[in-house]
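Biologist: I'd like to learn how to read a model like this one. Can we go through it feature by feature?
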Amino acid sequence: MKLRPKLPRIAWGGRVKSVAEMVCIALLAPLMAYLAIHHGNFATVDAIVYDQALKARPITPGGDVVIVAIDDASLATLGRWPWSRAVHASFLEKIAAGNPQAVLMDVFMTEPSVDPADDVALVGAMHKVPVYLPLLFSLGYDASGGAGPSASPMFARPITALAEASAGLGHVDVGADTDGLVRRLFLQEGPAAGVQPYLVSLLPGVPKADGTSLSALDPKSKSSGWQLRGPLVLSFAGAAGSYRTLSYIDVVNGKVPQDFWRGKTVFVGASAAGLGDQMPVPNAGAAGAMPGVEIHANAFDTLRQDASPSLLDGAPALWRWAWISLPCWALLACLGRSRHSTLLLLGSAGAVVILCVSAFAAGRLWLPPVAPLLALFTAYLLWTWRESARLWRYFEQRLRQVDRASALSLELIAAGDIRSADAPTALLRRADALDNIMVRLRTLEGLLRNTVARLDVAVLVCRVDGDIVLANHAARSLLGLGTNALGSDAALVGRKLLSVIAGHSVPLGGGWMTRPDMTQPTETLSGAVMMTPAGRVFRLDIVTVDIAQPSGAGGWLAVLHELTEEYRRREQHDQWLGFLSHDLRSPQTTILSMLTLEEARRAIDVDLDPSAPALRSRIRAEAERTIRLADDLIDLTSAQSGRYRYAPVELGNLLLDAMDQVYAQAQLRGVTLTERFREGQCFVLADGSLLTRAVVNLLGNAIRHSRQGQSVTMCLGFDADKREAVCTVVDEGDGMDESQRRSLFANEALASPSAGVLPAAPGMVRRRGIGLLIVQAVIRQHRGWLEVDSAPGLGSTFWFGLPIADTADIAVDVDVDVDDEDHRDGQDQKEKKVDIA
């Protein structure tokens, strides 16, 4: 039997302390997680998890997006960078014939060309196709005219001619996170007096950002006045090279058909490693970096597809605290109510992960899981430490209580201080104390086992589920499982108590083992009388065994009281009553035989004494009365002995049979017999002959106290709620008052042997006789009840109830024999019962 230790109830001061500890844990765990994320390496773990989620849900590369890369092959053909602007003019002339939608040149042109004709050529080409040019981030100049620490950052514009010819100007800056990877940029950036838009946001097909997202300053805005507005978290189509990419030299050489450019958005920028425009991004592939021009292409599709993930770090601080704290608080609220704290922790962590995955999959909302998971595990560790400390305190308190308890005189190990002076640490002292207590408990357990083993009465100790854990020699001997007084109890240990009792004995009266709810031990079985195959009789008593707490049952103690000698004495008593009845009948039978002969002689010889007939009549009446009394004694002995043969009996047929037996008596008295039975069959588990005799006695009693012309009615009904049959015998005699009715069931010996034997005269008071004693004994043995209702001049009504047989009981047909007093103690009393006490 597994018992969960139950800590003692906490006093008011202890409750306040416990609540304060839980509040501290609830506040400390999220705070520690927050500090670890923002001031430790856990932010990197969060970023790694985010990158994997981003990789699992890439955006689709736009089919109208083309990257023209300034690659190593182009540099090898056209020469070292920077190229003449006439080359760029030639490039634009090539693609302008195809009518592209827009061209983004990720090439800075803040200085005029050496040959002004090159700038003129480029301006002319830019008038044929929409070209968007970037602004160059620069530190500017300080008061002395040079760049330095005091210089103010700024954006440098392309030369005036190119700026005026362009379709739009904007910044192309991207920002790296703390781990150096590019995951976001800002739609507006620059000094307070000249905030510039992100160049890609100006391209055709990109939805315009609302004013709300652009009005709030990002917390990372520089204190020098550099403003960052409208953060854009990037989604990527995949590793570097996910977009269709053409070499710059191939376009210049005319290898790309003009129709290819129709409706395309062209991104032109460097991809050669030597040009320094490679940036580390998440999931960049083997190269580990991605060209800046391809980052802008990914930003273009992120804006068009509205695929920018929403990050919680951009939300208000209250939301970030709620995300970290709420799972932690929910875990703490449930830990004290669950026996499976580890599973609860894992379930909470799994719920956080599932929520993160679901939020990102459904709406690209990224809830960083590391912070709440860290808060969960921190709270669990703190709670475990608190519970361990509390358990240690409780354990030490109990050790002290056991140690201070009065030592038994038979205890072989004396009590001592639980803190051993030789132990160097508190943990070792507690271990020594535990060893000391365990040795004492094992000693007491051995003492208990030896004591139980040597008891003369049969004892079985069971767990709460009915498994036997200890049995003594007396129990094994009584059940026929061994004779060695010091032998092992392996024959009983581990077996079910009820199966052992049912397998090695049979019930004497009751049939409780046929009930479907008797699979577990219960105190309602106390009082059941059993007989073993060897003929030994015992009474079963079951009581609960409480452990530690008064309200918790720790098991069962079954005691088998042997009643073999009492049972045999009862049998001898019954035999003596049988012999006495026989001795009463024999002389009376002889007297009746002699009177019969005398009457025959009187019929022949009329000269006999004329007073003799009256004397003979009186002698015959007394002899017949004595024989009936002997018969009643035999019936009463049978009714009270408990020797019943129970079998399913249809109650309606039994009542009709009883009415047939008294029909002649009713005819002689001029009394009419009627019946009123409810439709349907009703089976009871009964001894048919004895139950019939009881009903005959009730009917005969009603007939004797009825006048000529009156009627006696027999009724039968069912109470479905209580599952019992109710039988009623109603007469129209003189009835009884309250005192007479009470005296009818007075607890006295055979109050009136003549009652129920001699014919009743009109107005004769009913008194308790042997016939009524038989009725009471039979009804009681059938677990029924008997009542009477009467009033002077209104007749009397006797009714009794019997339990309706269960379906399983219909097949039961067993001989039973019960000690009346023991049986009466264990039977289930009904609401309506005979007041015999």
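Modeller: Sure. Keep in mind that this is a predicted model. A good place to begin is burial: of the protein's 837 residues, 42% count as buried.

Biologist: What does the protein expose, and how much of that do carbon and sulfur atoms supply?

Modeller: The exposed area is about 43,000 Å², with carbon and sulfur atoms supplying 58% of it.

Biologist: And how many helices and strands are there?

Modeller: The secondary structure comes to 23 helices and 29 strands. You can also look at how the chain meets itself: among contacts between residues at least 6 apart in sequence, 71% join residues at least 24 apart.

Biologist: Now the inside. Which residues touch the most other members of the largest nonpolar core?

Modeller: A nonpolar core is a set of buried nonpolar residues joined through their side-chain atoms. Here the largest one has 42 residues, and Leu651 and Leu699 touch the most other members. Helix 20, residues 688-704, gives the most to this core, with nine residues.

Biologist: Which residues is Leu651 in contact with, leaving aside its neighbours within four places in sequence?

Modeller: Leu651 is in contact with Cys682, Val684, Leu691, Leu716, Ala725, Cys727 and Leu802. Apart from this core lies another, of 40 residues, including Met109, Leu122, Leu228 and Leu246.

Biologist: How do I read one helix, say helix 5? Which of its residues are buried?

Modeller: Check burial residue by residue, then see where those residues point. In helix 5 (residues 116-126), the buried ones are Asp118, Asp119, Leu122, Val123, Ala125 and Met126. They sit on the same side of helix 5 because they cover an arc of only 160° around the axis. On the other side of helix 5, Pro116 and Val120 are exposed.

Biologist: What covers the buried residues of helix 5?

Modeller: The cover includes helix 4 (85-96), strand 3 (131-138) and helix 6 (160-165).

Biologist: Let's go to the surface. Which residues form the nonpolar patch there?

Modeller: Val19, Val23, Leu27, Leu326 and Trp329 form it, with about 480 Å² of accessible area together. Helix 1 (12-39) and helix 10 (317-335) are the elements that give two or more residues to the patch. Helix 1 has the largest share, three residues.

Biologist: Why does Val19 count as exposed?

Modeller: The cut-off for exposed is over 50% relative accessible area. Val19, in helix 1, has 52% relative accessibility, so Val19 counts as exposed.

Biologist: Last feature: salt bridges. How many does the structure hold?

Modeller: It holds 20 salt bridges. For each pair, look at the N to O distance and then at burial. Arg183 and Asp179 form one, with their closest N and O atoms 2.7 Å apart. Arg183 counts as buried because its relative accessibility is 5%, while Asp179, at 30%, counts as partly exposed. Salt bridges can also join up: Asp51, Asp177, Asp179, Arg183 and Arg184 are linked in a network of them.

Biologist: Where do Glu562 and Arg536 sit in the chain?

Modeller: Their side chains meet in a salt bridge at 2.9 Å, N to O. This pair links distant parts of the chain, 26 residues apart: Glu562 is in strand 21 (residues 553-562), and Arg536 is in the loop between strand 19 (528-531) and strand 20 (537-546).

Biologist: How do Glu562 and Arg536 count: buried, partly exposed or exposed?

Modeller: Glu562 has 38% relative accessibility, so Glu562 counts as partly exposed. Arg536 is partly exposed too, with a relative accessible area of 25%.

Notes:
Residues numbered from 1 in each chain as written. Predicted model: local features only at pLDDT ≥ 70, side-chain atom pairs only at ≥ 80, totals over all residues. Heavy atoms only, no water. Core = buried A, V, L, I, M, F, W, Y, C linked by side-chain atoms within 4.5 Å. Buried < 20%, exposed > 50% of the residue type's maximum accessible area, 1.4 Å probe, protein only. Helix = DSSP H or I, 4+ residues; strand = E, 2+ residues; numbered from the N terminus. Contact = heavy atoms within 4.5 Å. Areas by Shrake-Rupley, 256 points an atom, 1.4 Å probe, with all protein chains shown as cover. Patch = residues over 30% accessible without salt bridge, like charges linked within 9 Å, V, L, I, M, F, W, Y side chains within 5 Å. Salt bridge = Lys/Arg side-chain N within 4 Å of Asp/Glu carboxyl O. Arc of directions from axis to C-beta.
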